[in-house]
Amino acid sequence: MNLDLEQMIAMVDIISEEKDLPKDTVLDVIQQAIAAAWRKDNGEKDMNVRCELDLNSGEAVAYVAREVIEDGVAYNPATEIPVSEAAGYEIGEIYEEAFPVGSFSRVASTTAKQVAVQRLRDAERDVVLSMYEDKIGTVVNGTVTRVDQRCVRVDLGKTTGIMPKSEQIDGEYYAIGSRIKVLIVRVERNERGAQLILSRGSAAFIEYLFRQEVPEIENGTVEIKAIAREAGRRTKIAVTALVPGIDPVGTFVGGRGVRVQAVMNEIGDREKIDIINWSDNTSEFIREALSPAEIQRVEIDGKKATVYVAKDQQSIAIGRIGQNVRLASELTGFEIKVEVAAAPEKKKKKNVEDSLLSAIDDAEEAEAIDAADGETDLGE
């Protein structure tokens, strides 16, 4: 394959327009493809090769980078070079040797094409994902395209994101072709490229849904202070009013529960939502967080809290598999321990016979005192 300057320039311009990619990005992709082809024909797999293509002169040069090492030790010629052979370089520096690029074999040409196609796809995906970085924390609509044990793939239009198992709603069924709402969590980059991470199971997803249903959040009347969630099972959300006289819980629930029901329609009826009043009084906030359990008293020690309840309230406070106390701990930020309060001592009741005997004894004692007083009076 002979290098053709006009063909290279045309490829840069055409690909840049078709893929909506910067020309520098396309040029870099072509240079990577040429470097891969040169390595295939002239080098070794481990070689660190880069290429520079001069669009003015039409010349291409491959540079092989090797680390300078001391003389007299075993070395890998593909990646290392003795200091005696690298004039002007010191041990530890990188020595680059230039090789003019002419033509490639058919195998190398195929390699160049494969590298170019893959790098262009990666570059195109990176550009699209960069657009979505501005939408992190927002909810968008997508179409389920693939479902497996590890994740659900969702088509968002210009790109595809993945929803890992940890970000899904437990027990929710995702049918291929179905339309769903997903929260854009982050853009994750690794050695395999960039990937858009989506979520329906996060607390932030619940918060976004409530923001859509409760306009009072945006106008500053009420505020969400904290959310604790076990997706598919239960969510606790602490809210407060920023304007006197406003019922924050009622505002979030809505008339006849329409607002909270709209959120539940999106996440499924299997997940219960507890909306509670937030309080800057830690003891009061912990009591609210453990609702519907009735708390007798709260003892706080640092970031730990011990709550005392009646025996019949213990299971309610703890919840099924510890869910209620676990979510309350997450919501309040305190490690909560539930204890049964000691029952108050009951006064011993006297039976009827004891009461009667006591009354007789009291009467006899009174008569004896009166008699004694009478004798005293006569003697005087």
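This is a chat about a few helices, a sheet and some unusual backbone spots in a predicted model.

User: Before we start, what kind of model is this, and how are residues numbered?
Analyst: It's a predicted model, where local features need pLDDT of at least 70, side-chain atom pairs count only at pLDDT 80 or more, and totals for chains, interfaces and linings use all residues. Residues are numbered from 1 along each chain as its sequence is written, and side-chain values use heavy atoms, with hydrogens and water left out.

User: OK, helix 6. Which of its residues are buried?
Analyst: Helix 6 covers residues 258–267, and its buried residues are Arg259, Val260, Val263, Met264 and Ile267. Buried means under 20% relative accessible area, exposed means over 50%, and partly exposed is in between (1.4 Å probe, protein chains only). Helices (H or I, at least four residues) and strands (E, at least two) are DSSP runs, numbered from the N terminus.

User: Why are those on the same side of helix 6?
Analyst: They cover an arc of only 135° around the axis, which puts them on the same side of the helix. That arc is taken from the directions from the helix axis to the C-beta atoms. In general, an α-helix has 3.6 residues a turn, so residues three or four places apart point the same way.

User: And what's on the face turned away?
Analyst: The exposed residues Val258 and Asn265 are there.

User: What does the buried side pack against?
Analyst: Helix 4 (203–213), strand 10 (222–230), helix 5 (248–253) and strand 12 (272–277). Contact here means heavy atoms within 4.5 Å.

User: What follows helix 6?
Analyst: Gly268, with a positive phi near 105°.

User: Switching to the sheet: what order do strands 10, 11 and 12 take?
Analyst: The order is 10-11-12, in an open sheet of 3 strands with mixed pairing. Strand 10 and strand 12 are the edges, each pairing on one side only. Two strands pair if DSSP finds at least two bridges between them.

User: How do strands 11 and 12 pair?
Analyst: Strand 11 (residues 234–241) pairs with strand 12 in the parallel sense, over 6 bridges. Ile237 stands opposite Ile275 in strand 12.

User: Which helix packs on that sheet?
Analyst: Helix 4 does, touching strand 10, strand 11 and strand 12, and its direction makes about 140° with that of strand 10. Helix 9 (residues 323–332) also lies across those strands, at about 135° to strand 10. Axes are lines fitted to C-alpha atoms, for helices over the stretch in contact, and angles run from 0 to 180 degrees between N-to-C directions.

User: How does helix 7 sit against helix 9?
Analyst: Helix 7 (residues 282–289) packs on helix 9 at an angle of about 145°, with the axes 9 Å apart. Phe285, Ile286 and Ala289 of helix 7 meet Asn324, Ala328, Leu331 and Thr332 of helix 9.

User: Where is the cis peptide bond?
Analyst: It joins Ser291 and Pro292, with omega about 15°. Pro292 is in the loop between helix 7 and strand 13 (297–301).

User: Which non-glycine residues have a positive phi?
Analyst: Among them are Arg256, at about 55°, and Ile321, also at about 55°. Arg256 is in the loop between helix 5 and helix 6, while Ile321 is in the loop between helix 8 (314–318) and helix 9.

User: Are Arg256 and Ile321 buried or exposed?
Analyst: Arg256 counts as exposed at 90% relative accessibility, and Ile321 counts as exposed at 71%.

User: Last one: how many disulfides?
Analyst: The count comes to 0 disulfides, where a disulfide is a pair of cysteine sulfur atoms within 2.5 Å. Cys51 is buried at 6% relative accessibility, and Cys151 is buried at 9%.
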